[in-house]
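Visitor: I'd like to learn how to read the pockets and cores of a model like this one. Could you walk me through it?

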Amino acid sequence: MYYPINEIFQTIQGEGQYTGIPSIFIRLQGCPVHCSWCDTKYTWICNQKDNVSINEIINKNQSNKKWSFIHVKDILKILKKWTAKHVVISGGEPCLYDLLKITKKLEKKDYQCQIETSGIKNIICSLDTWITLSPKKNINPLYASIIRSNEIKFPICKKKDLLYVYNILSTIKDKKKRIICLQPVSQNKQALKICIEACIKNNWKLSVQLHKYIEIQ
Ligand code: SF4
């Protein structure tokens, strides 16, 4: 099975429950959500003119619209050059694609999988994959995606954003334990203060985008 990949690289996970864990990021191309604040706008469209060779993707040293269809077996070969055993499948919106094959193949090779999704599409992956749901205010996540999630990470800019958090959480009817994370947008100090107060009040986790503070990819 082939996946359209924009970037593949090793770094430190900077967000959510796995913050600080060495991770390989596989960034898939394509996202129909088009958030105005998106910092990966270059992943939105799978334009044929940007379809390049695998080598160009592997050797990328700056973000751009270029992508390549890469087969799972080639992805596994690429991963061998790195030490991390945690793989984050991100985007774009990775759940535009059936991720069952890639997550199962990775697990067979002892990788732990995590998917970061906005929740607008059904999540098709292995049962052991950790799902990080990051709902966007401009398009509500599917209820099935909320239920499948292991953690829900909310970007917070202003105090009124907390209403969206409470609103989403109030829809959840199951008893599954989920990590709830608040993430201040763009290292904004006021947003950080709002997040700290709400996290302490509700016993939620603060996610500060560590990679931005330590200035890594
Ligand atoms: S869902 Fe994510 S990748 Fe898609 S536009 Fe919004 S922030 Fe960007």
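Guide: Happy to, and bear in mind that this is a predicted model. Let's begin with the pocket lining: β1 gives the largest share of the lining of the largest pocket, with 4 residues.

Visitor: Which other elements help to line the largest pocket?

Guide: To read a lining, go element by element. Here β1, β2, β5, β7 (151–156), β8 (179–184) and α7 (210–213) supply at least two residues each.

Visitor: What is the volume of the largest pocket, and which residues are closest to its centre?

Guide: The volume comes to about 950 Å³. The lining of this largest pocket has 39 residues, and E15, R27, D39, T40 and Q209 are the closest to the centre.

Visitor: How do the lining residues divide by class?

Guide: Sort them into three groups. For the largest pocket you get 14 nonpolar, 16 polar and 9 charged residues.

Visitor: And the second largest pocket, what is its volume?

Guide: That one is about 250 Å³. Its lining counts 14 residues, and W37, K137, P155, C157 and D161 are the closest to its centre. Two elements, β7 and α5 (161–170), each give at least two residues to the lining of the second largest pocket. By class, that lining holds 9 nonpolar and 5 charged residues, with no polar ones.

Visitor: Let's go back to T40. Where does T40 sit in the chain?

Guide: Place a residue by its flanking elements. T40 is in the loop between β2 and α1 (54–58). UniProt, in an unreviewed entry, has a "binding site" annotation that covers T40.

Visitor: Is T40 buried or exposed, and why?

Guide: The cut-off for buried is under 20% relative accessible area. T40 has 11% relative accessibility, so T40 counts as buried. Leaving out neighbours within four places in sequence, T40 is in contact with R27, G91 and G92. R27 is also among the residues closest to the centre of the largest pocket.

Visitor: What about H34: buried, exposed or partly exposed?

Guide: H34 also takes its place in the loop between β2 and α1. Partly exposed runs between the 20% and 50% cut-offs. The relative accessible area of H34 is 37%, so H34 is partly exposed.

Visitor: Which residues does H34 touch?

Guide: Skip residues up to four places away in sequence, and you find W44, I45 and N138. It also pays to look at pairs separated along the chain: H34 and G92 are 58 residues apart in sequence, with 9.3 Å between their C-alpha atoms.

Visitor: Now the cores. How many residues does the largest nonpolar core have?

Guide: There are 28, and I5, I8, I75, L79, L99, I102 and L106 have the most contacts inside this core. At least two residues each come from β1 (2–12), β2 (22–28), α2 (72–79), β4 (86–90), α3 (100–108) and β5 (112–117). The largest share of this core is from α2, with 5 residues.

Visitor: Pick one core residue. What is I5 in contact with?

Guide: Set aside its neighbours within four places in sequence, and I5 is in contact with I26, R27, L28, I57, K66, W67, S68, I70 and I75. There's also a second, separate core of 17 residues, L133, I156, I168 and I194 among them.

Visitor: Which residues does UniProt list for "domain: Radical SAM core"?

Guide: An annotation gives you a range to inspect. The unreviewed UniProt entry lists residues 18–217. Over that range the chain is 28% helix and 20% strand, with the end C-alpha atoms 16 Å apart.

How values were computed: Residues numbered from 1 in each chain as written. Predicted model: local features only at pLDDT ≥ 70, side-chain atom pairs only at ≥ 80, totals over all residues. Heavy atoms only, no water. Core = buried A, V, L, I, M, F, W, Y, C linked by side-chain atoms within 4.5 Å. Buried < 20%, exposed > 50% of the residue type's maximum accessible area, 1.4 Å probe, protein only. Contact = heavy atoms within 4.5 Å. 1 Å grid on protein atoms, 1.4 Å probe; cavity = no way out; pocket = protein on both sides within 12 Å on 5 of 7 lines; lining within 4 Å. Points joined across faces, edges and corners; volume = space filled by probe spheres on them. Nonpolar A, V, L, I, M, F, W, Y, C, P; charged D, E, K, R; others polar. UniProt positions renumbered as here; feature names shortened; annotations may be inferred.
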